[in-house]
Amino acid sequence: MAFEGLPPLIADQLHYLLNHSPDSIKIENVWSGNKINPKILDRFTLVIPYCLETIKWDVIYNSEYPVDPPDFVFGPDDEDFMPCSAIAPDDDQISLLKKALSEWDNEDSTRLLVIVQGLRDQYVAYQRRRVGQIDDDRVKFEISTVLTRKGIEMQMASGVDKPEEVKFAVPLVMDMNINKMVAGCPWKHQQKIFLQVVYPILRKYESAPSTPRLRLVSSSDLKALFSVEDVKLPPWMDGMCLAEYLPHLEETLERQIEEAVSAIDLRRSFIEALTLFLGRPLEADPTFCRKATFLTASGQFTFMVHFFFSTQFPKQQPTLMLQSCQHLNQSSVPVKSNLLTEYPWSPRWEVGRMAERLCDFLTDEAANFKKYCNEALLQH
């Protein structure tokens with residue numbers, strides 16, 4: 001990644017941060033504070049994942065004094081966040097953070113990462129203190145029941161037109177290593193699933209707490225195997241707390257993830273069944289079996305068939321798209337069909353019958369697609 005305009009030492013530190021941070025930090029709004037030479041960029045905004053959302057911190061270097069450590073400007077809602085002040089508890093994390101700042105070495109590319117991670121750890125503690133000060137018995141009880149779980153993040157949220165609420169991000173603990181369940185898995189980081197729980201703050205005149213809002217969030221890579229958006233969350237019963245809700249949810253997810261892994265083999269078997277009718281695929285996704293492309297012909301008409309599989313296969317049939325090898329549109333791009341999903345299909349069929357019925361459909365559809373391609377050629 002190139003950081004054009006940033007001094008080399010600052011660019012090295014930023015490059016190391018973005019490539020080694022476990023939090024998938026991003027950068028935006030690079031600008032200059034140098035009045036003499038505004039082409040020298042020495043400050044930027046970091047977008048940092050927190051509590052399943054993001055916070056933004058401005059990092060302010062001074063290109064005229066490159067040996068000095070950067071300053072940090074936190075968000076407008078975090079005016080009370082003073083990570084190195086006496087307001088924060090005097091613990092080992094603060095001592096390490098102060099040491100990293102006092103022993104700053106601008107030639108050490110790892111130092112920015114150390115400081116940002118230290119600040120983020122302090123931010124987690126700061127938000128936890130804020131939430132703990134809320135005069136809401138339910139929130140205090142929930143905190144007491146789940147604090148033994150590692151990695152929980154929480155946040156106070158409020159606004160001019162918004163009611164006060166508390167957000168929890170709870171990493172779900174399952175008795176499985178998802179990465180090791182998929183053969184040839186390319187994932188570099190351990191895949192995780194979180195439950196976001198949002199509690200509206202109970203007003204004094206309200207007699208009963210409202211049900212919290214619940215949402216599952218996963219690592220983006222996990223969508224190749226399993227989409228948490230397809231999970232139907234267990235109902236939240238009156239009087240329930242997180243400590244009761246989480247085990248049932250985790251058990252449900254474990255079962256569905258195992259089914260998703262089994263579905264990979266079903267998709268692979270289906271692709272293999274297609275080879276009996278269409279020959280070997282030109283290309284196919286070997287790990288998750290979510291895509292495959294075959295080259296086929298109808299008489300003198302040669303075309304490709306692209307198969308796209310959802311994680312809900314075989315309940316949801318593949319989506320098809322045909323692409324001509326002989327016709328180009330006005331932009332000199334091969335003519336393609338619309339996405340096709342209307343064809344004979346039953347998830348209860350054996351994969352061999354699924355493939356046979358689909359290929360029978362393709363035999364008839366080839367004539368329609370050829371006509372469509374010829375009309376596109378005439379328009380060109």
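# Two pockets, a sheet and a helix

The second largest pocket holds about 460 Å³ of space. The model it belongs to is predicted, and this pocket is a convenient place to enter it. Its lining is made up of 20 residues. Those lying nearest the centre of the second largest pocket are Asp 77, Gln 155, Met 156, Ala 157 and Ser 158. Strand 5, which spans residues 153-159, gives the largest share of this lining, with five residues. At least two lining residues each also come from strand 3, helix 3 (111-132) and strand 6. Sorted by class, the lining of the second largest pocket has eight charged, six polar and six nonpolar residues.

The largest pocket comes next, with a volume of about 1200 Å³. Among the 31 residues that line the largest pocket, Pro 22, Asp 23, Ser 24, Pro 49 and Phe 194 are the closest to its centre. Several elements each supply at least two residues of this lining: helix 1 (8-20), strand 2 (43-50), strand 3 (53-60), strand 6 (162-171) and strand 8 (213-218). Strand 3 and strand 6 are thus named for the largest pocket and also for the second largest pocket. The lining of the largest pocket has 12 polar, 11 nonpolar and eight charged residues.

Further along the chain there is an open sheet of five strands. The strands are ordered 9-10-11-12-13, and their pairing is antiparallel. Strand 9 (283-284) and strand 13 (334-336) are at the edges; each has a single partner strand, so one side of each has no neighbour in the sheet. Helix 6 packs on this sheet and touches strand 10 and strand 11 (301-308). The direction of helix 6 makes about 15° with that of strand 10.

The sheet can be followed from one strand to the next. Strand 9 pairs with strand 10 (residues 291-298) in the antiparallel sense, over two bridges. Here Glu 283 stands opposite Thr 293 of strand 10. Thr 293 also stands opposite His 306 in strand 11. Strand 10 and strand 11 run antiparallel and are joined by eight bridges. These two strands form a hairpin with two residues between them, and Gly 299 in the turn has a positive phi of about 65°.

Strand 11 continues the sheet on to strand 12 (residues 319-328), with antiparallel pairing over six bridges. Met 304 has Gln 323, in strand 12, as its bridge partner. How far is strand 11 enclosed by the rest of the structure? Six of its eight residues are buried, so strand 11 is largely enclosed.

Helix 6 itself covers residues 242-278, and two of its residues can be set side by side. Glu 250 is found in this helix. Its relative accessible area is 7%, so Glu 250 counts as buried. Leaving aside residues up to four places away in sequence, Glu 250 touches Arg 149, Leu 172, Val 173 and Met 174. Ser 269 also lies in helix 6. Ser 269 is classed as partly exposed because its relative accessibility is 31%. The C-alpha atom of Ser 269 is separated by 36 Å from that of Leu 214, and these residues are 55 places apart along the chain.

Technical notes: Residues are numbered from 1 along each chain as its sequence is written. This is a predicted model: local features need pLDDT of at least 70, side-chain atom pairs count only at pLDDT 80 or more; totals for chains, interfaces and linings use all residues. Side-chain values use heavy atoms; hydrogens and water are left out. Helices (H or I, at least four residues) and strands (E, at least two) are DSSP runs, numbered from the N terminus. Buried means under 20% relative accessible area, exposed over 50%, partly exposed in between (1.4 Å probe, protein chains only). Contact means heavy atoms within 4.5 Å. On a 1 Å grid over the protein atoms alone, a cavity is a set of points where a 1.4 Å probe fits but cannot get out, and a pocket is an open set with protein on both sides within 12 Å along at least five of seven lines; lining residues have an atom within 4 Å of a point. Grid points are joined across faces, edges and corners, and a volume is the space filled by probe spheres set on the points. Ala, Val, Leu, Ile, Met, Phe, Trp, Tyr, Cys and Pro count as nonpolar, Asp, Glu, Lys and Arg as charged, and the others, Gly among them, as polar. Two strands pair if DSSP finds at least two bridges between them. Axes are lines fitted to C-alpha atoms, for helices over the stretch in contact, and angles run from 0 to 180 degrees between N-to-C directions.
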